[in-house]
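Good morning, colleagues. Thank you for making time for this short presentation. Please look at the sequence and the structure before I begin.

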Amino acid sequence: MLNSPRVCIQVQSVYIESQSSPEHERFVFAYTVTIRNLGRTPVQLLGRYWLITNGNGHETEVQGEGVIGVQPHIEPGNEYSYTSGAVLETPLGTMQGHYEMVDSQGDAFRVAIPVFRLAIPAFIH
């Protein structure tokens with residue numbers, strides 16, 4: 001697609017010890033995604049796709065409309081951030097995926113979300 005908007009994705013994850021229960025194989029993580037519109041036209045996020053992989057290699061796919069119940073419009077030079085969560089059966093895992101977006105002309109495009117790690121602090125080196 002020519003002249004597709006430039007969108008940058010950054011993700012930070014954190015282990016939520018207070019909601020986790022390692023003895024029951026429940027490890028809770030929060031992640032904050034920042035979506036920056038580096039292009040010259042507004043964009044809108046319509047949908048999401050996640051591939052969540054736990055430490056045993058078990059994969060879970062999640063897809064749906066928007067993020068946290070909204071389909072944000074992001075003006076040129078602006079950003080949109082949100083925080084969500086994931087629960088794994090292992091203390092280490094990864095997430096990756098993409099956002100389905102549309103530009104101001106109504107042209108759909110996909111923005112990759114690079115793989116990021118979900119890990120309890122003892123597993124981070």
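I shall begin with the chain as a whole, turn to its core, and then discuss several individual residues.

Please keep in mind that this is a predicted model. The chain has zero helices and eight strands. Read from one end of the sequence to the other, the order is therefore simply β-β-β-β-β-β-β-β. The C-alpha trace spans about 50 × 30 × 25 Å along its principal axes.

Some totals for the chain come next. Of the 125 residues, 39% are buried. The accessible surface is about 7,400 Å², and carbon and sulfur atoms account for 48% of that area. As for charge, the chain carries 7 positive and 12 negative charges, and the mean positions of these two groups are 8 Å apart. Turning to contacts, consider those between residues at least 6 apart in sequence: 63% of them join residues at least 24 apart.

Which residues touch the most other members of the largest nonpolar core? They are I35, W50, Y99 and M101, in a core of 26 residues. Six strands each give two or more residues to this core: β1 (7-15), β2 (27-37), β3 (43-54), β6 (79-88), β7 (92-103) and β8 (108-119).

M101 deserves a closer look. Leaving aside residues up to four places away in sequence, M101 touches V7, I35, V43, Q44, L45, L46, I74, D107, A108, F109 and V111. One of these neighbours, I35, is itself among the four core residues I named a moment ago.

Another of those neighbours is L46, which is found in strand β3. Is L46 buried, exposed or partly exposed? L46 counts as partly exposed, because its relative accessibility is 32%, and that class covers values between 20% and 50%. Beyond residues up to four places away in sequence, L46 touches G64, E65, G66, Q71, E100, M101 and V102. By contrast, L46 and Q19 are 27 residues apart in sequence and 30 Å apart in space, C-alpha to C-alpha.

I now turn to two buried residues that lie in strands. H98 lies in strand β7. Why does H98 count as buried? Its relative accessibility is 14%, and buried means under 20%. The side chain of H98 makes a polar contact of 3.1 Å with the side chain of E100. Setting aside residues up to four places away in sequence, H98 touches G47, R48, Y49, R110, V111, A112 and I113.

The second is T53, whose place is in strand β3. T53 is buried as well, with a relative accessible area of 15%. With residues up to four places away in sequence again left out, T53 touches H58, E59, G93 and T94.

Let me move to positions outside the strands. Q105 lies in the loop between β7 and β8, and Q105 is exposed, at a relative accessible area of 59%. The side chains of Q105 and S104 are joined by a polar contact of 3.3 Å. Where does Q105 stand relative to T41? Their C-alpha atoms are 9.1 Å apart, while 64 residues separate Q105 and T41 in sequence.

R6 is found in the segment before β1, and R6 counts as exposed because its relative accessibility is 55%, where the class begins over 50%. Not counting residues up to four places away in sequence, R6 touches R36, N37, L38 and G39. R6 and P91 are 85 residues apart in sequence, and their C-alpha atoms are 34 Å apart in space.

Finally, I would draw your attention to two backbone angles. E25, in the loop between β1 and β2, has a positive phi of about 55 degrees although E25 is not a glycine. E25 counts as exposed, at 53% relative accessibility. I68 is found in the loop between β4 (59-65) and β5 (73-74). The phi of I68 is also positive, near 40 degrees, in a residue other than glycine.

To close, I would leave you with two points from this predicted model. The chain has eight strands and zero helices. Its largest nonpolar core holds 26 residues, with I35, W50, Y99 and M101 touching the most other members. Thank you for your attention.

Definitions and conventions
Residues numbered from 1 in each chain as written. Predicted model: local features only at pLDDT ≥ 70, side-chain atom pairs only at ≥ 80, totals over all residues. Heavy atoms only, no water. Helix = DSSP H or I, 4+ residues; strand = E, 2+ residues; numbered from the N terminus. Buried < 20%, exposed > 50% of the residue type's maximum accessible area, 1.4 Å probe, protein only. Contact = heavy atoms within 4.5 Å. Areas by Shrake-Rupley, 256 points an atom, 1.4 Å probe, with all protein chains shown as cover. Lys, Arg positive; Asp, Glu negative; His and termini not counted. Charge placed at Lys NZ, Arg CZ, Asp CG, Glu CD. Core = buried A, V, L, I, M, F, W, Y, C linked by side-chain atoms within 4.5 Å. Polar contact = N/O pair within 3.5 Å; in protein donor to acceptor, adjacent residues only side chain to side chain.
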